[in-house]
Amino acid sequence: MSEKVSRTLTLKVATCTPDDGRTLADLLMEAYRAAPYASDRQMELGENTGRYRVLNVLKRRQNVCVGVICGYTRDANQNAVDIAANNRSYPIAVLAPQRDSQRHLEFVEGLVYIAVLDNYVALMTQQSITQGMIEEFLTWFINGHTDLNVVITLNDPQRPDLRNYDMSKAKSLVFRNDVNVSPAQRGGGVSYRASGTGWSVIETVMRALGREPPDFGGLRGEHDLDQLSVEVSISAKRIRTDSNSRQDAMETIANALRDVENPPVTFLFKDGTRITLSEYRVSKRVELRSVNKIPDSEEARITIDYWIREQVRTLSRADIQEP
C-alpha cells in the first residue's frame, strides 16, 4: 500500500577522538570497503540476544556518502528478510507488524538514512532511534574495520547568525507571499483578521524594527484579501536611523524570523548572492512516498543528499569554525 510517511532530517557534526586527520566520510568508506557483506557490518545488541543493527548499504556520490542503518531480530519474521551470510545487503521489504500487545521487536526495528559530507552528518530517523544508538554503531563499525580505536560523537553544528556573514554588501531583504484572512471569536460575534505565514513574517519584521505592522482594518470575510499578493522589499541602507550599520538591521530581522516556519524571505547582496533563512535550519520535517511504511529509497536518498549539501553550503558561507 502506497502512502506518505513523515521523517525528521537533523544535521550534526561528528567528532572523532582521537583525531587522526581523516574525515568521518573517509573513515566510513574505508570500513565499508573492508566489510563487503551485510553480515560483516552488523553489530549484535547484547550477548546472544539475536538483535542486530546493520549498515545495510553505503554509497558515495561525489563527496557525499549516503547509507541505510537498520535493526532486526533474527527469526522474528522470516518473511520480512532473507538473512544469508553472502548477502551484500538485506532486502528490506516491510516493517513487520506487531505480533501482540507485548510489542516484540520485529524486522525492521528501526530504519535510518544517513548522509555524511566530510564531518557533517545528516540523519533521517524514526523516533525509536536515538543519537546515542547511531554514535555507538559508528564507533563500533569504524573500530572493527579500520586500524583505529576511536570514539565518534555527534554534536549540534554551530548555527550561524548573520553576524557571521559579511553583511556590509547586503543590498535588501525581499519577502513574497500572500496574506490570508481567518475568523476570530470576539465577544458575541465574529471578526476577521489577517493570518498565515505571510502575515506572520510581516508582523515579525515590522515589530523587530520597532514599527507597527500594516492595519488591514475593515475585513468582513475570509476572501477579502484573496486578490492581494504581497511583495515587501526593505532596503538595507537606512533601516535603522539610530545606527549606521546595515549589518545590525539585517541581523535583527534574521534572528526575529528564526521561529517562523520556512519564512519566504531572501537576503540579496550586491554581487548577486542570495541567502534564504530556510537554509539555516538544522532540523526539518519531510514527507516521503512509502510502501508498507518503508520510505521510497530513491526519494529518501535524493532528499537527504540534497539537504546536507544545502546545509553545509550555507554554513561554509559563514565565518565560523566547527570544533
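Here are some short exercises on this predicted model, each with a worked solution.

Residues are numbered from 1 along each chain as its sequence is written. Because the model is predicted, local features need pLDDT of at least 70 and side-chain atom pairs count only at pLDDT 80 or more, while totals for chains, interfaces and linings use all residues; side-chain values use heavy atoms, with hydrogens and water left out.

**Exercise 1. Get to know the chain**

Task: Find how many helices and strands the protein chain has, and which elements have the lowest and highest mean pLDDT.

Solution:
- Step 1. Helices (H or I, at least four residues) and strands (E, at least two) are DSSP runs, numbered from the N terminus. The protein chain has five helices and 15 strands.
- Step 2. Turn to confidence: pLDDT is the predictor's confidence in each residue, from 0 to 100. The chain averages 77, and 64% of its residues reach 70 or more.
- Step 3. Among the elements, α1 has the highest mean, 97, and strand β11 (residues 229–235) the lowest, 62.
- Step 4. Over residues 237–244 pLDDT stays under 50. For that stretch the model has nine contacts (heavy atoms within 4.5 Å) beyond four places in sequence.
- Step 5. Of the contacts in the chain with a separation of 6 or more, 67% are between residues 24 or more positions apart.

**Exercise 2. Inside or outside?**

Task: Decide whether V13, Q42, Q62 and D118 are buried, partly exposed or exposed.

Solution:
- Step 1. Use the cut-offs: buried means under 20% relative accessible area, exposed over 50%, and partly exposed in between (1.4 Å probe, protein chains only). By this rule, 47% of the 323 residues of the chain count as buried.
- Step 2. V13 lies in strand β1. Its relative accessibility is 4%, so V13 is buried.
- Step 3. Q42 is placed in strand β2 (residues 42–44). At 13% relative accessibility, Q42 is buried too.
- Step 4. Q62 sits in the loop between β3 and β4. Its value is 64%, so Q62 is exposed.
- Step 5. D118 belongs to the loop between β5 and β6 (120–125). With a relative accessible area of 42%, D118 is partly exposed.
- Step 6. Now look at a whole helix: in α1, seven of its 10 residues are buried. They are L24, A25, L27, L28, M29, A31 and Y32.

**Exercise 3. Backbone details**

Task: Work out which peptide bond is cis, and what phi is for Q62 and D118.

Solution:
- Step 1. The bond from T17 to P18 is cis, with omega near -5 degrees. P18 is in the loop between β1 (2–17) and α1 (24–33).
- Step 2. Phi of Q62 is near 55 degrees, a positive value in a residue other than glycine.
- Step 3. D118, also not a glycine, has a positive phi near 55 degrees.

**Exercise 4. Neighbours across the sequence**

Task: Find how far apart in space V13 and V116 are, and what Q42 touches.

Solution:
- Step 1. V13 and V116 are 103 residues apart along the chain, and their C-alpha atoms are separated by 9.3 Å.
- Step 2. Q42 and V54 are 12 residues apart in sequence, with 4.0 Å from C-alpha to C-alpha.
- Step 3. Leaving out residues up to four places away in sequence, Q42 touches Y52, R53, V54, Y72, R74, Y90 and W140.

**Exercise 5. The largest nonpolar core**

Task: Find which element gives the largest share of the largest nonpolar core.

Solution:
- Step 1. A nonpolar core is a set of buried Ala, Val, Leu, Ile, Met, Phe, Trp, Tyr and Cys residues joined through side-chain atoms within 4.5 Å.
- Step 2. The largest one has 31 residues, and L24, L28, V116, V121, I134, F141 and I142 touch the most other members.
- Step 3. At least two residues each come from β1, α1, β3, β4, β5, β6, α2 (131–145) and β7 (151–155).
- Step 4. The largest share is from α1, with seven residues.
- Step 5. A second, separate core has 29 residues, including L11, I294, I308 and V312.
- Step 6. Among the contacts of V121, not counting residues up to four places away in sequence, are L11, L24, V116 and I308.
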